[in-house]
Amino acid sequence: MAISLASLRTTSVLTPPRILIHGVAGVGKSTFAADADRPVFLMTEDGLGKLQVPHFPLATSYAEVAEALDALLNEDHDFGTVVVDSVDWLEPLIWAEACKRNGWASIEAPGFGKGYAEALTIWREYLDRLNALRDRKGIRPRGLARTRPGLNAGSAITMRPAMRVVARR
């Protein structure tokens, strides 16, 4: 598409926000997300406890996560929110998918940072699926992730995400 002044618009479309909720284990991330508008949970860890909410079977591979998102995109339903519980447990599934696609024994096999950089391609596929759900179906994407305590250089306890997304350009 060529850019020209004819492509200028004065209106915008309000889309549901993408939200990532971080918190320590047991703080109530899943309970909070269960109160969202017509939620369906995509589980990568067994964290629902006693919550009675619609959810897909526990995903043990990135392919299963992608299939669940595709089902939400392509099948008729009344869900208003998709909750990925949890994004930090999704990360090793994405690493395993990167290894599978590239024939690596581990995400670190191709050399410093290269496996993680390749995994970003799969992260982008995942985000593209969430964006398609938001843009085409009006579904609100929610991600849950665990925050873990750690020590900084001054030995003070800090909170940091439990994920390790590394990219080099």
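**Exercises on core and helix packing**

Leaving aside neighbours within four places in sequence, Y126 is in contact (heavy atoms within 4.5 Å) with Y62, V65, L69, V84, V87 and L90. The model is predicted, so that local features need pLDDT of at least 70 and side-chain atom pairs count only at pLDDT 80 or more, while totals for chains, interfaces and linings use all residues. Residues are numbered from 1 along each chain as its sequence is written, and side-chain values use heavy atoms, with hydrogens and water left out.

**Exercise 1.** Determine which elements give two or more residues to the largest nonpolar core.

*Solution.* A nonpolar core is a set of buried Ala, Val, Leu, Ile, Met, Phe, Trp, Tyr and Cys residues joined through side-chain atoms within 4.5 Å, where buried means under 20% relative accessible area, exposed over 50%, and partly exposed in between (1.4 Å probe, protein chains only). The largest such core has 30 residues, and those with the most contacts inside it are V65, L69, V82, L90 and Y126. Two or more residues each come from β2 (39-43), α2 (62-74), β3 (81-85), α3 (87-102) and α4 (114-137), the helices (H or I, at least four residues) and strands (E, at least two) being DSSP runs numbered from the N terminus. The largest share, nine residues, is that of α4. A second, separate core of nine residues includes I21, F41, M43 and V53.

**Exercise 2.** Describe how α2 and α3 pack, and which residues meet.

*Solution.* The two helices pack at an angle of about 110 degrees, with their axes 8 Å apart; axes are lines fitted to C-alpha atoms, for helices over the stretch in contact, and angles run from 0 to 180 degrees between N-to-C directions. That makes α2 roughly perpendicular to α3, a class that covers 65 to 115 degrees, with under 35 roughly parallel, over 145 roughly antiparallel and the rest oblique. On the α2 side Y62, A63 and V65 meet L90, L93, I94, E97 and R101 of α3.

**Exercise 3.** Find the aromatic pairs and classify their geometry.

*Solution.* Rings of Phe, Tyr and Trp (its six-membered ring) pair if their centres lie within 6.5 Å, and planes under 30 degrees apart count as stacked, over 60 as edge-to-face and the rest as tilted. A search of the whole structure finds two pairs. W95 and Y116 lie 5.3 Å centre to centre with 75 degrees between the planes, an edge-to-face pair that links helix α3 to helix α4 across 21 residues. The rings of W123 and Y126 have centres 5.8 Å apart and planes at 80 degrees, so this pair is edge-to-face. Both W123 and Y126 are buried.
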